[in-house]
Amino acid sequence: MKISHELIESTLLDLLAALPSGKSLDPTALARAVAGPDEKVWRLQMTPIRAIAIRLADEGKATILRKGKPVDPHDFKGVYRIGPAPAAPDAG
């Protein structure tokens, strides 16, 4: 089952937009949203999801979190979550 990067990205952005304030997204929830409940299928999406999350973090559209704290998208290992884009600095 081939799932497009466009579908993963649009689903990720939609799920982030729907999150309650202060919450983050488990990448496995995103994998299930795009690939369905079969673990053998959704597990295959974890690598592309990670790559897309890193790219979106680079673009300022998402945040990579470890233990609830933002981390360098190019220097993290293990379990992570995806948070909404960082808040823009207050211009006022």
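1. In this predicted model, a useful place to begin is strand β1 (residues 62–66), which pairs with strand β3 (residues 81–84) in the antiparallel sense, the two being joined over four bridges. Within this pairing, T63 has G83 of β3 as its bridge partner.

2. Strand β1 also pairs with strand β2 (residues 69–70), again in the antiparallel sense, and here the pairing runs over two bridges. R66 is the residue that stands opposite K69 in β2.

3. The hairpin formed by β1 and β2 has two residues between the strands, and in this hairpin K67 takes a positive phi near 55 degrees.

4. How many of the five residues of β1 are buried? Four of them are, and the strand is accordingly described as mostly covered. As background, side chains in a regular strand alternate between the two faces of the sheet.

5. Turning to the helices, the axes of α1 (residues 5–18) and α2 (residues 27–35) come within 10 Å of one another and cross at roughly 125 degrees. Because of that angle, α1 counts as oblique to α2, and the crossing in which α1 passes α2 is right-handed.

6. Which residues make the contact between these helices? On the side of α1 they are L7, I8, T11, L12 and L15, while α2 contributes L30, A33 and V34. By character, the residues of this contact divide into seven nonpolar and one polar, with no charged residue among them.

Technical notes. Residues are numbered from 1 along each chain as its sequence is written. This is a predicted model: local features need pLDDT of at least 70, side-chain atom pairs count only at pLDDT 80 or more; totals for chains, interfaces and linings use all residues. Side-chain values use heavy atoms; hydrogens and water are left out. Axes are lines fitted to C-alpha atoms, for helices over the stretch in contact, and angles run from 0 to 180 degrees between N-to-C directions. Angles under 35 degrees count as roughly parallel, over 145 as roughly antiparallel, 65 to 115 as roughly perpendicular and the rest as oblique. A crossing is left-handed if the near helix is turned anticlockwise from the far one by less than a right angle, and right-handed if clockwise. Contact means heavy atoms within 4.5 Å. Ala, Val, Leu, Ile, Met, Phe, Trp, Tyr, Cys and Pro count as nonpolar, Asp, Glu, Lys and Arg as charged, and the others, Gly among them, as polar. Buried means under 20% relative accessible area, exposed over 50%, partly exposed in between (1.4 Å probe, protein chains only). Two strands pair if DSSP finds at least two bridges between them.
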